[in-house]
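Subject: Structure handover

Hello,

Here is the structure I said I would pass on. Please open it alongside this message; my notes follow below.

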Amino acid sequence: MSTVMENPKIEYSLAIVGAGPRGTSVVERFADLSLKLAPKGSKLNIVVLDPYRPGSGHVWNPRQSENFWMNTPASFPTVAPERVTDEPGLSFRQFVALRGDGRQLTEEHAKAIEHIGAGTYPSRAMYGEYLEHVFDRSCAVLEEHESFTIQHVPAEVLAVRPQGNGYQLEYKASAPGAEAQHLSVDAVVLALGHQSAELNPWQKQLQEAATNSGATYLPPNIPADLDFSKFADGQPALIRGLGLNFFDCMAELTLGRGGIFREVSNEPGHQFEYVASGREPELIVASRRGTPYWGKPVVEQFIPEEIALRFFDVQDLIGHLAELRATNSNATLEFSRHIWPKLHRDVLFAYYRQCARSAGAPEGFSAEEFIDQLESILLAEHREGSQVWLSELRKFISQFPEIQWLDVPKLARPFEELGFASNEDYQQAVQDYLISNARHSTGGLEDPLSCAIMTMNAGRMLVKELIVAGVIDEQSRIEEIQAHFEPLVEGLASGPPLERIEQLLALSRAGIVTFIGPEPEFAFDEVSGQFTASSPWVDAEVHTAKTMCEAMMPSNRVLQNDTTLIKQLLKDHVGRAHTWRNSEGESLPGSGFDVVGEPYRLVNSEGLAHRGIFVMGLQLSSAQWGTAIAAQAGDVNNPAARTLKDATHVANEVARLAGFLVGEGLPTERH
């Protein structure tokens, strides 16, 4: 819709609170926009506030341990569209190809960047170098333009309050003894990233018991902020969580203490032997499913181009929804009814098609004939029985003893209802599981299970798109996607690089890591002053330790976040948490801020949207699914490039409010 500004202000001021990846994306979008705008009467003054170095922010400090790796291959992430000519930003893979794009890298990073390939997993410190470079280049471009200014204020923002037609920020500079100061601006971007959070009741109980007994409890934290000196050499330590934070802890407490993973074999699952330094703690580890996240398939792209969805089609679903809304204007899509049956088909088709291609079709079929038969079952029309195909396919597969049925939901629960008679039995079972992981993932696109997992991950990206579009029933989203589908797909597709699984196997064989078992129970024994842990599925002695670490990030729920700023926004009614209604009509709190529109504007306690407070990133978790660290390089319209689109919307809208863009807005050519 065209909107012409009347009497635009001569000067307009914007505060960007948070200068990590998302804040950097916004700055880069302004820099790119400035290259398309001739100088004019209006002026936009941008102030970036963050106590940490802008670009890398809190999480991506280039000086953090090199043992903390990224969780996406180098070909994937970006905070800017790919560079075509001389744009201020560029993708990470372009930064790597250009060996730093002119940035003065540390000596260690200058050597490391030479060995980064599309499918390798660089350190987070290296990605921090990239983020700082994009921020610095973007600032340089803005500083050269007569109509823009930008400055970084190293400070923590304590409050944002409406003031007249704008907002007043209260902040405290990072310098020791600094007093609170105030800044008046016309608009604010909240790009807050990870925030500290209150512990849940169980965690508080463990922390309090540990404090009273002199034990050590390490609550959820960003790995770079964790005090690893709290882990005593040679002493047992309990670790809860086998996700990405666990692998950071594992690496820092082994490689970081002088241990060596010596390559001894090319056989998957047996690549390394661990040579201990003697300074490692004994790591006793557990998660609800009893196993770590599945190690990623060995491919060069996050989702290879060869992975395609043919049954799960977003446009078909939108068309179906339009038909439903012809008679019910409030109709929405339900995950279990409308989405999963289609994605499930894609996952199974990918699996069995690759079975036929790699291992050969069952006797009596050529590969083509077998695949044709699969398709005919999956494409068969059924009136209302949208799940009948599943029984038909299972019946078809059961004819062939050499082909196993792929129970997709059970992949998230490999040891469900399995009991183990001893600790030794369970250690062997987990090792066998990890070796299987290594074999499948090493196969990459040639492996049927890897193809199935990557297909499900491709589907996840489309589910994210449907969530952003607001067409999925919210109760279905909470109770089906977040409660069931998310643990399934995250545990299979968001795991560590395969090398970490190989390292974990070596540590398990060396006795450095011991697995507790599924559905672990943690407690504190006040008599002995130690934490305890056991699994109801493993018949073994209770594990004990004076140290316990929660290997997970702080909770990403605004009502649980305990930073001064978020608490102030809620207390002063400047913002509110999103709420949703279940089928009984109960109103329940969501995880993120209540926001409306695109760009996402913060909604106050009265339900009114702020004209000039925009939200980016993690606190959008009620409007989006996932907390991706970056957009996917390549096509900016790809659902996996969502953070770039969000940043572009914010920059364009602020430029419009400042009087730079009128009518249809964005110029397409540079002046």
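Where in α13 is the kink centred? Before the answer, please note that this is a predicted model. The kink is centred on I481 and amounts to about 45°. The end-to-end distance of helix α13, residues 474-493, is also short: its end C-alpha atoms span only 24 Å, whereas a straight helix of 20 residues would span 28 Å.

At the N-terminal end, α13 is capped by D473, with a side-chain oxygen 3.1 Å from the backbone nitrogen of Q475. Several residues of the helix are buried, including Q475, S476 and R477, the kink residue I481, and the run L488, V489, E490, G491, L492 and A493. F485 is buried too. What do the buried residues of α13 pack against? Their partners are α8, α12 (448-468) and β19 (577-581).

F485 also appears in the largest nonpolar core, which has 90 residues. F485 is listed there among the residues with the most contacts inside the core, together with F246, Y352, F370, L393, M456 and V463. Helix α8 (residues 335-359) supplies the largest share of this core, 11 residues. A second core, of 33 residues, lies apart from it and includes L14, V26, V189 and L661.

M456 shows how the parts meet. Setting aside neighbours within four places in sequence, M456 is in contact with F485, L488, V489 and L492. Its other contacts on that count are W340, L343, V347 and V408.

Another residue to look at is H338, which is located in helix α8. Is H338 buried or exposed? H338 is buried, because its relative accessible area is 12%, and the cut-off for buried is under 20%. If residues up to four places away in sequence are not counted, H338 touches L317, H320, L324, T332 and L333.

Finally, the sheet. There is an open sheet of 7 strands with mixed pairing, in the order β4-β2-β1-β8-β23-β22-β21. Its edge strands are β4 (148-153) and β21 (595-596), each of which pairs on one side only. Within the sheet, β1 (residues 11-17) and β8 (residues 187-190) pair in the parallel sense over 4 bridges. In that pairing, A15 stands opposite V188 in β8.

Regards

Definitions and conventions
Residues are numbered from 1 along each chain as its sequence is written. This is a predicted model: local features need pLDDT of at least 70, side-chain atom pairs count only at pLDDT 80 or more; totals for chains, interfaces and linings use all residues. Side-chain values use heavy atoms; hydrogens and water are left out. A nonpolar core is a set of buried Ala, Val, Leu, Ile, Met, Phe, Trp, Tyr and Cys residues joined through side-chain atoms within 4.5 Å. Buried means under 20% relative accessible area, exposed over 50%, partly exposed in between (1.4 Å probe, protein chains only). Helices (H or I, at least four residues) and strands (E, at least two) are DSSP runs, numbered from the N terminus. Contact means heavy atoms within 4.5 Å. The expected span of a helix is 1.5 Å times one less than its number of residues. The bend at a residue is the angle between axes fitted to the seven residues ending there and the seven starting there. A polar contact is a pair of N or O atoms within 3.5 Å; within protein, one must be able to donate a hydrogen and the other to accept it, and residues adjacent in sequence count only if both atoms are side-chain atoms. Two strands pair if DSSP finds at least two bridges between them.
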